[in-house]
Amino acid sequence: MTSNAVDYDTLIPNNVGLSEDRRLLKALERWHPGYIDWWKDMGPNGFQESNVYLRTAVGVEKDGWAQFGYVKMPEYRWGVLLAPQVQDRKIGFGNHQGEPAWQEVPGEYRAMLRRLIVIQGDTEPASVEQQRYLGKTAPSLYDMRNLFQVNVEEGRHLWAMVYLLQKYFAADGREEANMLLERRSGDIDKPRMLGAFNEETPDWLSFFMFTFFTDRDGKMQLESLAQSGFDPLSRTTRFMLMEEAHHMFVGESGVGRVIEKTCEAMNQAGIEDPYEIEAVRALGVVDLPTVQKKANLHYSLSLDLFGSEVSTNAANAYNAGIKGRYQEDKIEDDHRLLSDTYPVLKLVNGEIKGVEENALTALNMRLRDDYSKDAGKGVGRWNKIIKKNGIEFEITLPHCAFHRMIGEFANISASPEGTLMSNETFSQQKDNWLPSQQDGEFIQSLMRPVVEPGQYANWIAAPKVGVDRKPGDFEYVQLN
Ligand SMILES: [Fe+2]
Ligand SMILES: [Fe+2]
């Protein structure tokens, strides 16, 4: 079998030669029932018997890697798929730059690699858990199907990380693989590892914001791991990124469709001022200031996922050749960064100031900046929708000091514009900047399921094109 061909004969579809690696196959087959139990327990609630029109990865080449068809989610073929091996791939950065990429785990970096894989792996099932009740209030079958597509692919991403743990980390890898099925999003005793993955995703606007902002953190982390000198990790994450692109699409187009519907409804009703909140809400759509508050919340939670701006862990992982920069292979510099600096916003004597830091320790900051630029482009496209409708309003990304729990600004309060203020002033203003209980209740009041094929809830526009070019009234989920 060539390294690219996908084997569908085994219980676990794969292109990693599982049928020749009995030990690994056994280990994964032992893990599989626990995974299915987890999926039935914590996956989409109430839809395990429905036929869902899903794409399944059946190859790893850019063209034709996915196949569409109806499937019951517990029967989804979660496979282990790696991007094609690059011949003679070399490590592209850090102390081992120019050496052949590792096919086995280098002993000295074993603990570091395991930690990175476990942290990435933990986010995948967490988001499935966070989104498990959303199917019940889907604004259309199209959206319901997109939710489930994201969910099964996050499930596959868990498989991808578990494969690495089981194959390369022996007994402690198996232990970690089991623990990934034990932690639960939001659980007091056994929470997921990162903050944003223990928050609730209470409504569909949150879901779209989550896939736009938080899945995009995932994309950035995967991009930097795709540069890894540990070749199996690089190949695994490169393939995950192909799926991740769809998650970005679901988020961006979802929020875009919410905005579009709001603008259309305002125009039809002759409302020009987006701050006439009660009048806009009376039309059964989400007012734009509330969309902004949701963006403020999800963006600030997602910034926390990048960790401390200045971090020796980040420097160590880079020097080791384990975790690179975003698009490292397209950057033109020495890929060592030993004498370079990078600007970091810090709190200096009670003021926010730009400080030049050692470029190696500032790698989290750099990745976060790349993230903000990437997110900013999507926000720009939302603003075009508003502008096209002739409404004066702009969605903006808040300042990085706003509403932070981790890093330089964890212990201060700042407005979305980055003005420092007392905690007391912040508390008084908070409801203007973050979704209030009232906002949440209003959005909840819109969350009524629409399950007629081709029909959409009043608060969201229909998509421009269907999934897999299906017609507008296609039955994406067959409920039973
Ligand atoms: Fe993922
Ligand atoms: Fe994702």
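This is a short dialogue on reading strands, helices, burial and backbone angles in a predicted model.

Student: Where should I begin with the sheet, and in what order do its three strands lie?

Tutor: In this predicted model, the order is E2-E1-E7, in an open sheet with antiparallel pairing. Strand E2 (66-72) and strand E7 (477-478) are the edge strands, each pairing on one side only.

Student: How many bridges join E1 to E2?

Tutor: Strand E1, residues 51-57, is joined to E2 by seven bridges, and the two run antiparallel. To follow the register, take individual pairs. Tyrosine 53 has tyrosine 70 of E2 as its bridge partner, and valine 52 stands opposite valine 71 in E2.

Student: How many bridges join E1 to E7?

Tutor: Two bridges, again with the strands antiparallel. Here asparagine 51 stands opposite glutamine 478 in E7.

Student: How should I think about the side chains of a strand?

Tutor: In a regular strand, side chains alternate between the two faces of the sheet. For E1 in this model, burial can be read residue by residue: five of its seven residues are buried, and the strand is mostly covered.

Student: Which helix packs on the sheet, and which strands does it touch?

Tutor: Helix H3 (residues 141-168) packs there, touching E1 and E7, and its direction makes about 40° with that of E1.

Student: Is valine 477 buried or exposed?

Tutor: The test is a count of neighbours: a residue is buried if 20 or more other C-beta atoms lie within 10 Å of its own. Valine 477 is in strand E7, and it is buried because 24 other C-beta atoms lie within 10 Å. Beyond residues up to four places away in sequence, valine 477 touches Ser50, Val52, Leu141, Met144 and Arg145.

Student: How far is valine 477 from serine 422 in space?

Tutor: Their C-alpha atoms are separated by 50 Å, with the two positions 55 residues apart along the chain. For a contrasting case, look at alanine 138, in the loop between H2 and H3. The C-alpha atoms of alanine 138 and arginine 448 are separated by 7.3 Å, although the two are 310 residues apart along the chain.

Student: What is in contact with alanine 138?

Tutor: Leaving aside neighbours within four places in sequence, the contacts of alanine 138 are Asp143, Met144, Leu147 and Pro449. Alanine 138 is buried, since 25 other C-beta atoms lie within 10 Å.

Student: How do I read the length of a helix, and what span does H5 reach?

Tutor: Compare the end-to-end distance with the expected one. Helix H5 (residues 204-226) has 23 residues and reaches 31 Å from first C-alpha to last, close to the 33 Å expected at 1.5 Å a residue. H5 does bend, by about 35°, at phenylalanine 210. As for its surroundings, H5 is mostly covered, with 21 of its 23 residues buried.

Student: What does H10 give on the same reading?

Tutor: Helix H10 (residues 363-388) has 26 residues and reaches 38 Å, close to the 38 Å expected. The general point about faces is that an α-helix has 3.6 residues a turn, so residues three or four places apart point the same way. In H10 the buried residues include Tyr371, Ala375, Trp382, Ile385 and Ile386. What covers the buried residues of H10 includes H5, helix H6 (231-269), helix H8 (288-304), helix H9 (312-319) and strand E3 (341-348).

Student: Which residues have the most contacts inside the largest nonpolar core?

Tutor: They are Val80, Phe148, Val162, Phe208, Met209, Val258 and Ile259, in a core of 115 residues. H3 supplies the largest share of this core, 15 residues. Phenylalanine 208 touches Gly251, Gly254, Val255 and Val258, again not counting residues up to four places away.

Student: What should I make of a positive phi?

Tutor: Most residues other than glycine have a negative phi. Aspartate 88 has a phi near 55°, and it is found in the loop between E2 and helix H2 (110-130). Aspartate 468 also has a positive phi, about 55°, and lies in the loop between helix H12 (437-446) and E7. Glycine 390, just after H10, takes a positive phi of about 70°.

Student: Why is aspartate 88 classed as exposed, and aspartate 468 as partly exposed?

Tutor: Aspartate 88 is exposed because 7 other C-beta atoms lie within 10 Å. For aspartate 468 there are 13, so the residue is partly exposed.

Notes: Residues numbered from 1 in each chain as written. Chains lettered and ligands numbered in written order. Predicted model: local features only at pLDDT ≥ 70, side-chain atom pairs only at ≥ 80, totals over all residues. Pairing = 2+ DSSP bridges. Helix = DSSP H or I, 4+ residues; strand = E, 2+ residues; numbered from the N terminus. Contact = placed C-beta atoms within 7 Å. Axes fitted to C-alpha atoms, helices over the stretch in contact; angles between N-to-C directions. Buried ≥ 20, exposed ≤ 12 C-beta atoms within 10 Å, placed from the backbone. Expected span 1.5 Å × (residues − 1). Bend = angle between axes of the 7 residues up to and from the residue. Core = buried A, V, L, I, M, F, W, Y, C linked by C-beta atoms within 7 Å.
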